[in-house]
Amino acid sequence: MLAVSGERSISIQVDFETLGIKPKGELFERASKVLDSLPAWNNRSFRLALFDDLPKNAAYELLVSYVRCQEVIFKHYGIHTERWQARRLVDTFINACLRCGLRRAIEFRDHIEDAANTLDLHSVALAIIREYETYCSQKAGVDKHVEAQRRLIDSKREEFLIALEKRDGLFCNECESLGELRIDHVEPLSLGGFSVLHKLQILCSFCNGRKCNRTMYYLSGRKDRPQGITEPIDASNQRYETQSHRH
Ligand SMILES: [Zn+2]
């Protein structure tokens, strides 16, 4: 048995699924409500007031971009959204907000904070900035985890390969190809996976590329699955298992 540090399951205080962003959640509702209560953009006096007050303008733009980006990017978000898709959507959403409004609002953060107790527009903008800060710290936690687990597998690659060959054989666990084999994490590191033997499988580069950032355990679908592997697969994986065997 490999003596690999990190073999014990460690609980990570990171919300890998949504990285601190709640799609169409309470903050989205609040931002939409505040925007609805404000005069329309084509209202001349409102527009002039926004031009005169840069922090207010920044807060307003942030709310508009936050609501619009949520509507577009999380349009199809729901209970059937896979974790890897949720991760990607959240990152896309943050990048979109940074391009249109968030960066500027952060510049005026102090002013927005000062007015947050009296104005809904500012208090929601502040809450969005805080949500972004939570996202950044969560993401830093995820990146740190990924880096540590990558270092671990790099330093023990030979040992893992020998153990995997002994356990499963040295061929792709999906298509049984013998070429361009690599060690794959059943659960991607970016979703909280670990570099531990029972969470690894051998795939060829093609199957590995097709798996992408999904959590898929190919061995569990094989009839000749080796004894001693008790890794359960959850319902969300089952769908991919079925799909992958159709090819
Ligand atoms: Zn393959």
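Here a biologist and a modeller talk through a predicted model of a protein chain.

Biologist: Let's start with the big picture: how many helices and strands does the protein chain have?
Modeller: Going from the N terminus, the elements run α-α-α-α-α-α-α-β-β-α-α. Tallied up, that comes to 9 helices and 2 strands.

Biologist: How much can I trust it, or in other words, what pLDDT does the protein chain average?
Modeller: This is a predicted model, so confidence goes residue by residue. In the chain, 83% of the residues score at least 70. The average pLDDT is 85.

Biologist: Where does pLDDT stay under 50?
Modeller: One stretch is residues 1–11, where the model has 12 contacts beyond four places in sequence. The other stretch has 19 contacts of that kind. So you'd go carefully, as pLDDT is the predictor's confidence in each residue, over residues 1–11 and residues 227–247.

Biologist: What share of the 247 residues in the protein chain is buried?
Modeller: A residue counts as buried if 20 or more other C-beta atoms lie within 10 Å of its own. By that cut-off, the buried share of the chain is 27%.

Biologist: Among contacts between residues at least 6 apart in sequence, what percentage joins residues at least 24 apart?
Modeller: Here we leave out pairs under 6 apart in sequence and look at what remains in the protein chain. Of those contacts, the part joining residues at least 24 apart is 70%.

Biologist: Now the helices: are α3 and α4 roughly parallel or antiparallel?
Modeller: Helix α3 covers residues 54–73 and helix α4 covers residues 83–107, with their axes 8 Å apart. They pack at an angle of about 170°. Angles over 145 degrees count this way, so α3 and α4 are roughly antiparallel.

Biologist: Which class of residue, with how many members, comes first in the list for the contact of α3 with α4?
Modeller: From α3, the residues involved include A58, L62, Y66 and I73. They meet residues of α4, among them L89, F93, C97 and L102. By class there are 4 polar and 3 charged residues, and the class you asked about is nonpolar, with 14.

Biologist: At which residue does α4 bend?
Modeller: The bend in α4 is about 70°. Its place is L98.

Biologist: Which helices do the buried residues of α4 pack against?
Modeller: The buried residues of α4 include W84, R87, V90, I94 and A105. Those buried residues pack against α3, α5 (109–115) and α6 (120–155).

Biologist: Is L63 buried or exposed?
Modeller: L63 sits in helix α3. Leaving aside neighbours within four places in sequence, L63 is in contact with A31, V34, L35, L121, V124 and A125. L63 and V34 are 29 residues apart in sequence, yet 8.5 Å apart from C-alpha to C-alpha. Because L63 has 24 other C-beta atoms within 10 Å, it is buried.

Biologist: Which residues does C175 touch, not counting those up to four places away in sequence?
Modeller: C175 is in the loop between α7 (157–168) and β1 (181–185). C175 is partly exposed, with 15 other C-beta atoms within 10 Å. The C-alpha atoms of C175 and C207 are separated by 7.5 Å, although the two are 32 residues apart along the chain. The residues touched by C175 are C204 and C207.

Biologist: What is the phi of E180?
Modeller: E180 is in the loop between α7 and β1. E180 counts as exposed, because it has 12 C-beta neighbours inside 10 Å. Its phi is a positive value in a residue other than glycine, near 45°.

Biologist: And what about the phi of C212?
Modeller: C212 lies in the loop between α8 (205–211) and α9 (235–246). With 10 C-beta neighbours inside 10 Å, C212 counts as exposed. C212 is not a glycine, but its phi is positive, about 60°.

Note on methods
Residues are numbered from 1 along each chain as its sequence is written. This is a predicted model: local features need pLDDT of at least 70, side-chain atom pairs count only at pLDDT 80 or more; totals for chains, interfaces and linings use all residues. Axes are lines fitted to C-alpha atoms, for helices over the stretch in contact, and angles run from 0 to 180 degrees between N-to-C directions. Helices (H or I, at least four residues) and strands (E, at least two) are DSSP runs, numbered from the N terminus. Angles under 35 degrees count as roughly parallel, over 145 as roughly antiparallel, 65 to 115 as roughly perpendicular and the rest as oblique. Two residues are in contact if their C-beta atoms, placed from the backbone, lie within 7 Å. Ala, Val, Leu, Ile, Met, Phe, Trp, Tyr, Cys and Pro count as nonpolar, Asp, Glu, Lys and Arg as charged, and the others, Gly among them, as polar. pLDDT is the predictor's confidence in each residue, from 0 to 100. The bend at a residue is the angle between axes fitted to the seven residues ending there and the seven starting there.
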